[in-house]
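User: Please take a close look at a single part of this model and describe how it is put together. I would like one connected account of the packing and the side chains.

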Amino acid sequence: MDELKKKKVALPPATAPAAPRQWSEKSQGSVAASFRTHYTDRAYRCHTCRKDVVFTAAEQKIAYEVKKTHIAVRRVLCEACWNESHVVAQKIAACEVRWAGSKQVLARDTEFLSAWSGLLLEHQHYGARENSAAKNMLRKLLDRAVG
C-alpha cells in the first residue's frame, strides 16, 4: 500500500467539448475551427517561476469561448506570476501618469527614475516586451541626475 502512495500515478488528461462557433471571429477563421472538437488539459512550465502547471480543458473553454482569446494563444505564466505581472504593469502605468504630470520635477528624482526603471526590467522578466524607449530615457535622465 505504501508503495502505491510513493508512485505518482498520472491521471488521464481531462477534456471539455469545444464550440468553435463561440470563438472570436479571428479564431473562427483559423484552421483549428474546422477540426477542434474538444479541449484537453495541457501541461506547461511557467516561464518565470519554472513551476509545472496545467491549463485545464475547462479553463481553455472559458478562455477561448467566453473571453474570446485567440485559439492560438498558449499560457506561459502560472496564475501567481500572471497576477504579479499585472501588478507590475499597473505600477508602470502609474509611473507614466505621474511622469506626464510632473516631468520637470521627476526628471531629477533619482528614486522615482530608478524605481520606474526597475519595474520595466521586472516586467520583462515576466515576458513583456522591452520598452527600449522608456529604458533609454530613464538611463539618460539617471545619468544626468547622478552626474
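Analyst:
**A tryptophan pair and the helices around it**

Tryptophan 99 has a relative accessible area of 12% and is therefore buried, the cut-off being under 20%. The model is a predicted one. Tryptophan 116 is buried as well, because its relative accessibility is 3%.

These side chains belong to the aromatic pairs, of which the structure holds four. One of them joins phenylalanine 55 and tyrosine 64: the ring centres are 6.2 Å apart and the planes stand at 70°, so this pair is edge-to-face. Between tryptophan 99 and tryptophan 116 the ring centres are 5.9 Å apart and the planes meet at 55°, so this pair is tilted. Because tryptophan 99 lies in helix H5 and tryptophan 116 in helix H7, the tilted pair ties together parts that are 17 residues apart in sequence.

The helices that carry the two tryptophans pack against each other. H5 spans residues 79-101, and its axis lies 9 Å from that of H7, at an angle of about 145°. Their crossing is left-handed. On the H5 side the contact is made by Glu84, Ser85, Val88, Ala89, Lys91, Ile92, Cys95, Glu96, Arg98 and Trp99, and on the H7 side by Phe112, Leu113, Trp116, Leu119, Leu120, Glu122 and His123. Sorted by class, that contact of H5 with H7 has ten nonpolar, five charged and two polar residues.

Serine 85 is one of the H5 residues in this contact. Its relative accessible area is 9%, so serine 85 counts as buried. With residues up to four places away in sequence set aside, serine 85 touches Leu77, His123 and Tyr126. His123 is also among the H7 residues that meet H5.

H7 has a further partner. H7 covers residues 110-125 and H8 residues 132-146; their axes come within 10 Å and cross at roughly 150°. Angles over 145 degrees count as roughly antiparallel, so H7 is roughly antiparallel to H8. This crossing, too, is left-handed. H7 contributes Thr110, Leu113, Ser114, Trp116, Ser117, Leu120, Leu121 and Gln124, while H8 contributes Ala134, Lys135, Met137, Leu138, Leu141, Leu142, Ala145 and Val146. Of these residues eleven are nonpolar, four polar and one charged.

Tryptophan 116 thus takes part in the contact with H5 and in the contact with H8. Leu113 and Leu120 likewise appear in the contact with H5 and in that with H8.

Elsewhere in the chain, the edge-to-face pair sits in an aromatic cluster formed by Tyr39, Phe55 and Tyr64. Phenylalanine 55 is buried, because its relative accessibility is 4%. Tyrosine 64 has a relative accessibility of 0% and so is buried too.

Proline 17 can be set beside this cluster. Proline 17 belongs to strand E1, residues 15-17. With 56% relative accessibility, proline 17 counts as exposed, because the cut-off for that class is over 50%. Leaving out neighbours within four places in sequence, proline 17 is in contact with Thr37, His38, Tyr39, Lys61 and Glu65; Tyr39 is a member of the cluster. The C-alpha atoms of proline 17 and alanine 58 are separated by 9.0 Å, although the two residues are 41 apart along the chain.

Key
Residues numbered from 1 in each chain as written. Predicted model: local features only at pLDDT ≥ 70, side-chain atom pairs only at ≥ 80, totals over all residues. Heavy atoms only, no water. Axes fitted to C-alpha atoms, helices over the stretch in contact; angles between N-to-C directions. Helix = DSSP H or I, 4+ residues; strand = E, 2+ residues; numbered from the N terminus. Parallel < 35°, antiparallel > 145°, perpendicular 65-115°, else oblique. Left-handed = near helix turned anticlockwise from the far one by under 90°. Contact = heavy atoms within 4.5 Å. Nonpolar A, V, L, I, M, F, W, Y, C, P; charged D, E, K, R; others polar. Buried < 20%, exposed > 50% of the residue type's maximum accessible area, 1.4 Å probe, protein only. Phe/Tyr/Trp six-rings, centres within 6.5 Å; stacked < 30°, edge-to-face > 60°.
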